[in-house]
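Reader: Please show me the model. I want each label tied to its cut-off.

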Amino acid sequence: MSTSISRKEFLQRSAMAGAAAMLSSLESLAVQRADKKLRVALIGCGSVSNRYIPNLQGSSMIDIVALCDIKYERALEQKKKYNVRAETYPHIEAMLKGVPFDMMVTTTDMQMHGELNKKALSAGKHVWSEKPMANTYAEGKALLELARSRKLHFWGAPAVVMSPQFAFMSRSIQEGKLGRIASAHGQYGHTGPTWSAFFYEKGGGSMPDLGVYNMATLTGLLGPARSVMAMTSIVNPERTVDDKGTIKVEAEDNAHLLLDHGKGIISHVMCGFNYFDPHGHEAKGQQLHSIQIYGDKANMRMIGYDWETYGVWLDDSWDKPATLHEPDPGDFQWQMGATVVGESIIKGIEPRINAEHALHVLEIIEGARTSSATGKKVELGSTFPWPMV
Ligand SMILES: NC(=O)c1ccc[n+]([C@@H]2O[C@H](COP(=O)([O-])OP(=O)(O)OC[C@H]3O[C@@H](n4cnc5c(N)ncnc54)[C@H](O)[C@@H]3O)[C@@H](O)[C@H]2O)c1
């Protein structure tokens, strides 16, 4: 039997599908209005879900209604461990046909993000995605356009711009406390994840996993980057990981980037999976100044990593010691992104985290790889609303 259909039939079917999608999104809005809760489906029940699930459960505006993992036992385990009243699914197709939900939270292997996010957006769901929000800049841009055309939200991690320390630094810069800004530095590294191979496979790497935080912080503070130059390398060509044993490392495990923010401002990011840090992957108690910004009147140094910081030193005097600001993280937690954007949908407000910013960082990562491969500076075309605070 032939499966081909006429153009007329195609248009009729598309119109029906469009009407069905619109109906389903209207239905979902109706449910939101009735009980004021956003129904969330989380896909990828691995390591980071141990942070996301409790954070989402802490919100009175959110219900986790579905958990999904291709390693199905993980979805079952997380449901039990966190006592989630959710349906469980072994793949996205089953989840999209299952219990209705409003927003998908994507916490799978990085390489799957683009494909899964597209499926969810195409099915009329909002999406919060762990980084990267897509696997290429072009794909991310297309997905954001798809989301907008369907009046959906599509956001990407990280959530570093939500910290009180970021807000303090941004305000200080905007108020001119640093004078004319010249240079900034960000760094993030440890000895690499041990549990999953995808971090080291094509489409993984230390830039989308680690450097992404610094890139979001520095562009968030200094403005969109106009161009990038980078050198990346593979320091450790082989790794042993829990899920696949000994593997070949294909993505950069060491990267240095220079970003031009305009007006003479240059920032530098270094990240990698071979950086000894006695505080490890969790980085508890890290006192290193991971972000530094220098102007001609003052400098600021952020204590700890930008995703879990313990304050900001402001040095603005020749004779007085530096002063410590925002030593308390308040409500900020790095894993709060999905909760923040989910609540923003219910409240009908725009959160500080924004999609163009995540997309800009994705363009930087891609540009850095091109720069490293060609030895040339790469111009960047994307931008985002700035200043953020
Ligand atoms: N682990 C952390 O501390 C941490 C922190 C911040 C961000 N992240 C990010 O979170 C994401 C996940 O990292 P992780 O450490 O939790 O990895 P992980 O390997 O522990 O978990 C990933 C899970 O996704 C599942 N999965 C893969 N493809 C899938 C698919 N097509 N459909 C459904 N499930 C699928 C895997 O089976 C696995 O259970 C990555 O983007 C990572 O960069 C992780």
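Author: By class, the shell around the ligand has 10 nonpolar, 7 polar and 7 charged residues. This is a predicted model: local features need pLDDT of at least 70, side-chain atom pairs count only at pLDDT 80 or more, and totals for chains, interfaces and linings use all residues. Residues are numbered from 1 along each chain as its sequence is written.

Reader: What makes a residue nonpolar, charged or polar here?

Author: Ala, Val, Leu, Ile, Met, Phe, Trp, Tyr, Cys and Pro count as nonpolar; Asp, Glu, Lys and Arg count as charged; the others, Gly among them, are polar.

Reader: Which residues come nearest the ligand?

Author: G44, G46, S47, V48 and S196, out of 24 around the ligand. A residue is near if its C-beta atom, placed from the backbone, lies within 6 Å.

Reader: Which domains supply the shell?

Author: Domain 1 (21-156) and domain 2 (160-331 + 353-379) each give at least three residues. Domain bounds come from an automatic or database domain assignment.

Reader: Why is α8 called oblique to α10?

Author: The axes of α8 (residues 206-222) and α10 (residues 355-374) cross at roughly 120° and come within 9 Å. Angles under 35 degrees are roughly parallel, over 145 roughly antiparallel, 65 to 115 roughly perpendicular, and the rest oblique. Therefore α8 is oblique to α10.

Reader: Which residues of α8 make the contact?

Author: M207, P208, V212, M215, A216, T219 and G220. Contact means C-beta atoms, placed from the backbone, within 7 Å. By class, the contact of α8 with α10 has 9 nonpolar, 4 polar and no charged residues.

How values were computed. Axes fitted to C-alpha atoms, helices over the stretch in contact; angles between N-to-C directions. Helix = DSSP H or I, 4+ residues; strand = E, 2+ residues; numbered from the N terminus. Contact = placed C-beta atoms within 7 Å.
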